[in-house]
Amino acid sequence: MSSSTIGQPRTGGDPEQACPIAPVVDLVFSRWTTPILWALHEYGRQRFVELERRLVTITPKVLTQRLRQLERDGLVRRTYHAEVPPRVEYEITELGSSLAPLFAHLAQWSAGHLDRVEQARQDYDARQRPSRGR
């Protein structure tokens, strides 16, 4: 059996070989991808401006770039309606929706553990502060 067999440790300098979930993390958890997919999953088909309103701090340029990448990756479907004025809608695909259990699990983990993460950060920061009087 090779070292790339499922369940076997992977070796080498390539992060994708060292961690088989690295490509998924890059795909799904890059900045803005998760909020866009979450919004489309939770609220259904939306126009660009609706998404922009839901994701208040995203710029139109970045939203356009992320939507194009998500469409290329097969996670989002773009539908152009040849009307006057033209209308474009975005919706999550079946492939994108298949990530819903992962997002739900992460939301559950977040609710149960982020307070501990915050406490660990505070404890760490307190240990890193130089003592007065040294």
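This passage describes the fold, the salt bridges, some backbone details and a surface patch of a predicted model.

The overall architecture comes first. The protein is built from seven helices and three strands. Read from the N terminus, these elements follow the order α-α-α-β-α-α-β-β-α-α. The protein has 134 residues, and 22% of them count as buried. Among contacts with a separation of 6 or more, 42% link residues that are 24 or more positions apart. The exposed area comes to about 10000 Å², of which carbon and sulfur atoms supply 53%.

Helix 7 deserves a description of its own. It covers residues 100-128 and contains 29 residues. From the first C-alpha to the last, helix 7 reaches 39 Å, close to the 42 Å expected at 1.5 Å a residue. The path of helix 7 is bent at H113, by about 50 degrees.

Helix 7 also contributes to a nonpolar patch on the surface, and so does helix 2 (22-28), each supplying at least two residues. The patch is formed by I21, V24, V25, F29, L102 and L106, which together offer about 450 Å² of accessible area. One of these residues, I21, sits in the loop that runs between helix 1 (15-18) and helix 2.

Turning to charged side chains, the structure holds five salt bridges. One of them pairs R45 with E89, and here the closest N and O atoms are 4.0 Å apart. R45 belongs to the loop between helix 3 (33-43) and strand 1 (46-47), whereas E89 is part of strand 3, so this pair ties together parts that lie 44 residues apart in sequence. E89 has a relative accessibility of 14% and therefore counts as buried, the cut-off for that class being under 20%. E89 has a further partner in R87, with 2.9 Å between the closest N and O atoms. Through shared partners, salt bridges join R45, R77, E83, R87, E89 and E91 into one network. Within this network, R87 also meets E83, at 2.8 Å from N to O. E83 has a relative accessible area of 36% and is therefore partly exposed.

Strand 3 (87-92) is followed by a loop that leads to helix 6 (94-97), and T93 is found in this loop. With 10% relative accessibility, T93 counts as buried. What does T93 touch, leaving aside its neighbours within four places in sequence? The residues in contact with T93 are G74, L75, V76 and R77. Of these, V76 and R77 fall within strand 2 (76-81), and R77 is also a member of the salt-bridge network described above.

Two features of the backbone complete the picture. The peptide bond joining V84 and P85 is cis, with omega at about -5 degrees. P85 is located in the loop between strand 2 and strand 3. The other feature concerns W32, a residue other than glycine whose phi is positive, near 80 degrees. W32 lies in the loop that connects helix 2 and helix 3. Is the W32 side of this loop buried or exposed? At 13% relative accessibility, W32 counts as buried.

Key. Residues numbered from 1 in each chain as written. Predicted model: local features only at pLDDT ≥ 70, side-chain atom pairs only at ≥ 80, totals over all residues. Heavy atoms only, no water. Patch = residues over 30% accessible without salt bridge, like charges linked within 9 Å, V, L, I, M, F, W, Y side chains within 5 Å. Areas by Shrake-Rupley, 256 points an atom, 1.4 Å probe, with all protein chains shown as cover. Helix = DSSP H or I, 4+ residues; strand = E, 2+ residues; numbered from the N terminus. Expected span 1.5 Å × (residues − 1). Bend = angle between axes of the 7 residues up to and from the residue. Buried < 20%, exposed > 50% of the residue type's maximum accessible area, 1.4 Å probe, protein only. Contact = heavy atoms within 4.5 Å.
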